[in-house]
Amino acid sequence: MSGARLLTFGCRLNLHESERMQALTGHLPDVVVVNTCAVTTSAERQARQAIRRAHRDDPGKRIVVTGCAVQIAPQDWASLPGVSHVMGNTEKLEAASWTETSLKQQGAVADIMQAAPAPASPVVETGGHVRALLQVQQGCDHRCTFCIIPYGRGRSRSVPTRDVIARARALVEAGHHEIVLTGVDIASWGRDLDGTPALGTLCRDVLSAVPELPRLRLSSLDPASVDADLWYLLAEEPRFLPHLHLSLQAASDMVLKRMKRRHSVQDAANLIAQVRRLRPDIAIGADLIAGFPTETEAQAQETLDFVVRHELPYLHVFPYSERPGTPAARMPSVPNAKRQARAAALRAAGEANRQAYWRGMMGRPLDVLMEGATKGHSAHFVPVRLSRGQAVRGTRLTLVARTLDEAGLVAEIN
């Protein structure tokens with residue numbers, strides 16, 4: 001195998017930053033790069049286990065550790081057996097960091113902790129995928145009580161519109177039919193740019209400047225930050241895909257207040273209702289934390305009832321995980337068994353909603369981007385596979401589903 005070996009933990013942003021690092025480390029076959037995550041203690045534990053395993057399996061390899069967990073506490077990672085170098089989030093995407101000279105300079109722990117975040121640049125992850133992820137924003141200005149990520153990613157920085165458009169155009173010319181705009185807090189895109197444009201403005205500009213782009217999708221979106229141009233696109237632009245994933249976290253006003261979120265339960269309900277008025281068949285997902293400190297049984301039930309009442313089909317459910325250094329970690333905790341039980345109840349409700357949503361798509365023409373010979377995703381992000389025959393990977397087909405199972409819709413060419 002040529003180049004460095006990449007081990008990646010955490011979010012989609014980390015995944016496509018690892019793609020960039022893979023391209024930068026093609027000359028380093030004796031290196032293992034571990035790209036860490038700081039969202040949960042579990043993610044950090046898994047990264048430490050991976051480092052120890054990599055060192056045990058091949059002690060001759062140099063191990064370079066980077067990512068948010070390293071940005072926050074580099075000294076903890078530099079001391080692990082086999083680690084030859086630690087690298088901050090800013091440095092990991094720079095070619096100069098991956099020279100032999102740079103990798104021999106281990107004494108960079110203080111520099112990582114004191115480094116100012118770099119300006120955002122358009123990082124792209126394709127990894128051979130037909131759907132391209134385009135990072136348009138980095139960092140976060142909010143301080144949710146459960147989250148350590150602002151300490152690992154820095155303040156919000158936006159990629160300028162011209163750079164996003166240039167990269168989007170290049171991706172389309174390379175054969176990609178769908179682009180997903182992503183970042184740490186994409187809803188804050190533009191607030192640090194001249195004129196403070198909004199995310200919806202960026203989306204309109206990309207679709208206008210790159211008319212050949214058939215499908216534009218968004219990653220997770222803060223419910224408190226849907227701007228006028230996003231509403232316009234949802235109502236009028238078919239290339240803006242009917243799929244929104246909301247950073248909801250809870251549906252109890254008291255829990256949201258203790259999380260220091262910027263929306264209320266009614267705000268979220270109004271948003272979902274308005275979105276569905278504009279796009280009745282839209283797929284709506286949500287991130288949810290189960291068992292947040294101080295959460296009572298009644299408050300947990302509020303969130304579960306909200307999921308059922310609003311029929312949310314795509315849920316990312318996380319049992320709460322303490323992060324040292326965050327205000328939530330000092331709040332009275334919910335027993336782990338209750339966290340797990342509440343997460344299981346939310347996942348079960350989400351699965352029921354998902355199956356109902358998929359059933360509603362049966363018999364309808366679906367615009368499916370084929371990610372393999374027999375599998376792809378519709379514009380609504382419904383997984384679809386062919387009942388017979390094969391397709392050319394990377395093409396878009398109009399399919400009609402006649403049956404479904406736990407994995408998604410089973411369709412035939414219309």
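This is a short exchange about a predicted model, its confidence and its strand pairings.

Reader: What makes the confidence in the chain something one can put a number on?

Author: Because pLDDT is the predictor's confidence in each residue, from 0 to 100, the chain can be described by its average of 90, with 93% of the residues scoring at least 70. Among the stretches that score otherwise, pLDDT stays under 50 over residues 112–116, for which the model has 11 contacts beyond four places in sequence, and under 50 over residues 123–127, for which the model has 23 such contacts.

Reader: What makes strand 14 and strand 17 a pair?

Author: Two strands pair if there are at least two bridges between them, and five bridges join strand 14 (residues 365–370) to strand 17 (residues 396–405), so the criterion is met. The two strands run antiparallel, and Val368 stands opposite Leu397 in strand 17.

Reader: How do you know that strand 14 pairs with strand 15, and what joins the two?

Author: Three bridges join strand 14 to strand 15 (residues 375–378); since at least two are needed, these strands therefore count as a pair. They run antiparallel, a hairpin joins them through four residues, and the bridge partner of Val368 in strand 15 is Ser378. Val368 thus has Leu397 opposite it in strand 17 and Ser378 as its bridge partner in strand 15.

Reader: Why is the sheet with the order 11-12-13 called open?

Author: This sheet has three strands with parallel pairing. Strand 11 (243–249) and strand 13 (314–319) stand at its edges, each with a single partner strand, so one side of each is left without a neighbour in the sheet. From one strand to the next, the twist averages 15°.

Reader: How do you know that strand 12 and strand 13 pair, and in which sense?

Author: Strand 12 (residues 283–290) and strand 13 share six bridges in the parallel sense, and because at least two bridges are required, the pairing satisfies the criterion. One of the bridge pairs joins Ala290 to Pro319 in strand 13.

Reader: What packs on this sheet, and how is its direction set relative to strand 13?

Author: Helix 14 (residues 336–361) packs on the sheet, where the helix touches strand 12 and strand 13. Its direction makes about 175° with that of strand 13; because such angles run from 0 to 180 degrees between N-to-C directions, helix 14 and strand 13 point in nearly opposite directions.

Definitions and conventions. Residues numbered from 1 in each chain as written. Predicted model: local features only at pLDDT ≥ 70, side-chain atom pairs only at ≥ 80, totals over all residues. Heavy atoms only, no water. Contact = heavy atoms within 4.5 Å.
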